[in-house]
Amino acid sequence: MLAVRGGIAVPADTVPALTRATEDLLAGLLAANHLDRADLVSLMFTMTPDLTATNPALVLHESGWDLPALCAQDATFAGAPPRTLRVLAHLSWDRPGRPVAVYLGGAAPTKPAA
């Protein structure tokens, strides 16, 4: 099992915008790593404090995903980008190499890649 990170900038703090961002982020992560939903073990989401309309774990539950998922508020820090949804996806990974992180809509890692 391995984990991979991803993030997406959310255009507005609305249920439709957060729903679309959640769907786009997971679709991007699956596509970039040639994965199926069955390859996901669990998901840990964080959102910046300015996103409150809903949360991605609830979005997935209401969409019928049968997958453990949790959502928390992202840490605040000077220079933090606004309206950002991030995910740490735990994967069933049995191939060479490491999974590819996905950042969409102008989102970026909170720290430089090592």
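This report covers the sheet, the nonpolar core, the salt bridges and some single residues of a predicted model.

## The sheet

Five strands make up an open sheet. Their order is 3-2-4-1-5, and the pairing is mixed. Strand 3 and strand 5 (102-104) sit at the edges, each pairing on one side only. From one strand to the next, the twist averages 15°.

Strand 1 (2-9) takes part in two of the pairings described here. With strand 4 (84-91), strand 1 pairs in the antiparallel sense over eight bridges. One of the bridge pairs is Leu2 with Leu91 of strand 4. With strand 5, strand 1 runs parallel, and three bridges join the two. Gly6 has Val102 of strand 5 as its bridge partner. Gly7 stands opposite Tyr103, also in strand 5.

## The nonpolar core

The largest nonpolar core holds 25 residues. Those that touch the most other members are Val10, Leu40, Leu43, Phe45, Leu85, Ala89 and Leu91. At least two core residues come from each of strand 1, helix 1, strand 2 (40-47) and strand 4. Helix 1 gives the most, with seven residues. As a general point, nonpolar side chains in soluble globular proteins tend to be buried together.

Phe45 shows how one core member meets other parts of the chain. Neighbours within four places in sequence are left aside in its contact list. Its contacts include Thr22 and Leu26, then Pro56, Ala57 and Leu60. Phe45 also touches Ala69, Leu70, Cys71 and Ala72. Leu85, Arg86 and Val87 complete the list.

## Two salt bridges

The model contains two salt bridges. Side chains of opposite charge can pair when their charged atoms come close.

One salt bridge joins the side chains of Asp24 and Arg20, at 3.1 Å from N to O. Both residues lie in helix 1 (residues 15-32). They are four residues apart, about one turn of the helix. Asp24 counts as partly exposed because its relative accessibility is 30%, between the 20% and 50% limits. Arg20 counts as exposed because its 52% is over the 50% limit.

The other salt bridge pairs Asp74 with Arg86, with the closest N and O atoms 3.5 Å apart. Asp74 lies in the loop between strand 3 (69-73) and strand 4, while Arg86 lies in strand 4, so the pair ties together parts that are 12 residues apart in sequence. Both Asp74 and Arg86 are buried.

## Asp74 and Asp39

Two buried aspartates sit in loops. Asp74 has a relative accessibility of 15%, so it counts as buried. The side chain of Asp74 also makes a polar contact with the side chain of Arg86, at 3.5 Å. Not counting residues up to four places away in sequence, Asp74 touches Thr46, Met47, Thr48, Pro49 and Arg86.

Asp39 is found in the loop between helix 1 and strand 2. Its relative accessibility is 19%; this is under the 20% limit, so Asp39 counts as buried. The side chain of Asp39 reaches the backbone nitrogen of Asp36 at 2.8 Å. Leaving aside neighbours within four places in sequence, Asp39 is in contact with His90, Leu91, Ser92 and Arg95. Asp39 and Ala89 are 50 residues apart along the chain, and their C-alpha atoms are separated by 10.0 Å.

## Positive phi in loops

His34 is not a glycine, but its phi is positive, near 50°. His34 lies in the loop between helix 1 and strand 2. Its relative accessible area is 67%, so His34 is exposed.

Arg83 is another residue other than glycine with a positive phi, of about 40°. Arg83 is found in the loop between strand 3 and strand 4. At 32% relative accessibility, Arg83 counts as partly exposed.

Note on methods
Residues numbered from 1 in each chain as written. Predicted model: local features only at pLDDT ≥ 70, side-chain atom pairs only at ≥ 80, totals over all residues. Heavy atoms only, no water. Salt bridge = Lys/Arg side-chain N within 4 Å of Asp/Glu carboxyl O. Buried < 20%, exposed > 50% of the residue type's maximum accessible area, 1.4 Å probe, protein only. Core = buried A, V, L, I, M, F, W, Y, C linked by side-chain atoms within 4.5 Å. Contact = heavy atoms within 4.5 Å. Pairing = 2+ DSSP bridges. Axes fitted to C-alpha atoms, helices over the stretch in contact; angles between N-to-C directions. Polar contact = N/O pair within 3.5 Å; in protein donor to acceptor, adjacent residues only side chain to side chain.
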